[in-house]
Amino acid sequence: MNDYLSQLSDNQQQITRLLAETFAGANEELHLVGGVVRDVLLGRAQETDLDFATSASTARVQELLSAAGADSVYLVGEQYGTVGAIFTRSECPENVEITTYRSEVYPDETRFPEVAFDVSLIDDLARRDFTMNAMAVDAMTGALTDPWFGEADIALAVIRAVGVADERFQEDPLRLLRAARFVSQLGFRLDWETEAAMTRQAASLGRISRERILAELTSLLVGQYVDHGLDVLRRTGLLSIALPELEPLVQEADADLTARFGREKDLWDHTVRVVRQAPARPAVRWAALLHDAAKPMTRVLDVTGEVHFYGHERIGADLALRLLSRLNADKTLRSTVQLLVAMHGRPAAYDESWTDSAVRRLALDAGHAWTDLLDLAAADVTSGREQKRNIAATRVAGLSERFDRLQAEAALDRLESPLDGNDLMKLFHLPPGPWIKRIKERLRDLVIEGQIDPEDRDGAALIAKDLLSED
């Protein structure tokens, strides 16, 4: 097998050889295309599903996949000539997609192209976004077809649009974010003509659905070179289109605030550093991006010349919720990021003088996001002074260790009132009312403080009786 194909996993090689022989026997062409070819050249193909392009019609592809022994064959996008299949002949099932050669013409800005299938491989490659994605490898011989010198651009670590860059972005404005996402994932730089076209076409991103924008931004945020990806968004103006809520941070980065606010740090630069330092998990990276988004609108200068951002956590949490709701993020991501932004400053206040109950209360408030909160707090230190960074790291580590010790002593899910609302109504023969919440919260506090055992229902009943008599 040619060197290109030999870089696939053993399972991928077997399936590629099987499909190549099946299609060749039917006098049809078959080529690996798109991301899998790019990843072969980057030495990471084994992480990628197999995508092929073929001269065969959609109906013929279905027949040939079945003949090759695919366990499942299904239509992915009939109007675009794509058929999917699953091969489960090994311990690692392999997903395959095969698309009939096609060309696309975009008659207007609806983004729904007119598709033609009676075309060549070169015509098919011409419709693709970037040169690094516009190559093909013959599934039988391993020969590379590279009409736009994508292999050279990969070697140069350059992202370059196929053909006329403005036309590629006009066809599908989501490619604007894809370019920035590839910068974040691969660490490549943008070809200058491609970047200039991105700047000119940035406003067209408004034609793209919110869900697709969210998906691209999330992939960008968890990239290894996320700071470079965010810089692309800023330089091209895409940030203000995709995330207008962050425009105040960007505007401040472009303005000279020194005269007004002294030595205050650059909020946008700080934000990017925090994102880069945060673990590459979607909720943490989104929270890192948004944690200080409300600072420009909450800044005040006191009489001593000190700068304060009163309430920026709460206002920022509301901003994060609105932003992610606008992008139709799922409920879990919205609520987690909102919680992290609201609480991101609290771990920084920790010191050894905190009581055990204060640590428990912070952990209970964070709930499922406790680990994310600690990771965000650790990332939220971008000082150039090593001593300050070390102190902050020690503080977060100490809080984490303290919590682990307390968790070992008593599971947090047991730190609730020994009596629930039904217990209290039955005990005192009273109807529902605010009194229940007040007593339950007090009993829970006593459990957190270690003054009553979570299982001590009799003791809780006596305390509840005293609390009720105080009304």
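This report looks at one helix pair and one pocket in a predicted model.

Residues are numbered from 1 along each chain as its sequence is written. Local features need pLDDT of at least 70, side-chain atom pairs count only at pLDDT 80 or more, and totals for chains, interfaces and linings use all residues, while side-chain values use heavy atoms, without hydrogens and water.

**The helix pair**

Let's start with helix 24 and helix 25 (helices are DSSP runs of H or I, at least four residues, and strands are runs of E, at least two, numbered from the N terminus). Their axes lie 10 Å apart at an angle of about 130° (axes are lines fitted to C-alpha atoms over the stretch in contact, and angles run from 0 to 180 degrees between N-to-C directions).

| Helix | Residues | Residues in the contact |
|---|---|---|
| Helix 24 | 434-448 | Trp435, Arg438, Ile439, Arg442, Leu443, Leu446 |
| Helix 25 | 457-469 | Ala460, Ile463, Ala464, Leu467, Leu468 |

Contact here means heavy atoms within 4.5 Å. By class, the contact of helix 24 with helix 25 has 9 nonpolar, no polar and 2 charged residues (Ala, Val, Leu, Ile, Met, Phe, Trp, Tyr, Cys and Pro count as nonpolar, Asp, Glu, Lys and Arg as charged, and the others, Gly among them, as polar).

**The pocket**

Now for the second largest pocket, with 31 lining residues (a pocket is an open set of points on a 1 Å grid over the protein atoms alone, where a 1.4 Å probe fits, with protein on both sides within 12 Å along at least five of seven lines; lining residues have an atom within 4 Å of a point). Arg102, Glu104, Arg127, Arg128 and Arg175 lie nearest the centre of this pocket. Helix 8 gives the largest share of the lining, 5 residues. By class, the lining holds 15 charged, 10 nonpolar and 6 polar residues.
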